[in-house]
Amino acid sequence: MKAPVHTSPELLRNAQMIIARVIWSTRPMAVVPLLAVTRQGEESFVYVVRKQNGMALAHRTEVTLGDTVGNNYSIASGLSAGDRVIVSATQFLVDGMPVMPMGG
């Protein structure tokens, strides 16, 4: 790919190469840490905190993953605005298990 570079000529050398990332489009999405996502076969899911009878319960929610952004996955679908995702100790969780939310 070739592109014009707007800088002074003394900063560049002939045939100099750079690594660049091209962003074609952007759109707002939820992102969650890599460790919050559990993958089982073709299925990816996260645990979300749901209130039921005054108790906080872990609810397994299937999600569609987007791109990896740093140490996070973008979530294309499966989460709603305001969902509280459990991000640690997910290997010990079972759907419907009582949890105690901590700060945040």
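Buried residues are those under 20% relative accessible area, exposed ones are over 50%, and partly exposed ones fall in between (1.4 Å probe, protein chains only). This is a predicted model, in which local features need pLDDT of at least 70 and side-chain atom pairs count only at pLDDT 80 or more, while totals for chains, interfaces and linings use all residues. Residues are numbered from 1 along each chain as its sequence is written, and side-chain values use heavy atoms, with hydrogens and water left out.

**View 1. The aromatic pair of Phe-45 and Tyr-47.** The structure holds one aromatic pair (rings of Phe, Tyr and Trp, the last by its six-membered ring, with centres within 6.5 Å; planes under 30 degrees apart count as stacked, over 60 as edge-to-face and the rest as tilted). Phe-45 and Tyr-47 meet edge-to-face, with 5.7 Å from centre to centre and 85° between the planes, and both residues are buried.

**View 2. Arg-60 over the face of Phe-45.** Arg-60 lies at 3.7 Å from the ring centre of Phe-45, where a charge sits over a ring if NZ of Lys or CZ of Arg is within 6 Å of the ring centre and within 35 degrees of the ring normal.

**View 3. The hairpin of S2 and S3.** Strands are DSSP runs (E, at least two residues), numbered from the N terminus, and two of them pair if DSSP finds at least two bridges between them. S2 and S3 run antiparallel and are joined by three bridges, with Arg-39 facing its bridge partner Ser-44 in S3. Two residues separate the strands, and Gly-41 in the turn has a positive phi of about 65°.

How values were computed:
Helix = DSSP H or I, 4+ residues; strand = E, 2+ residues; numbered from the N terminus.
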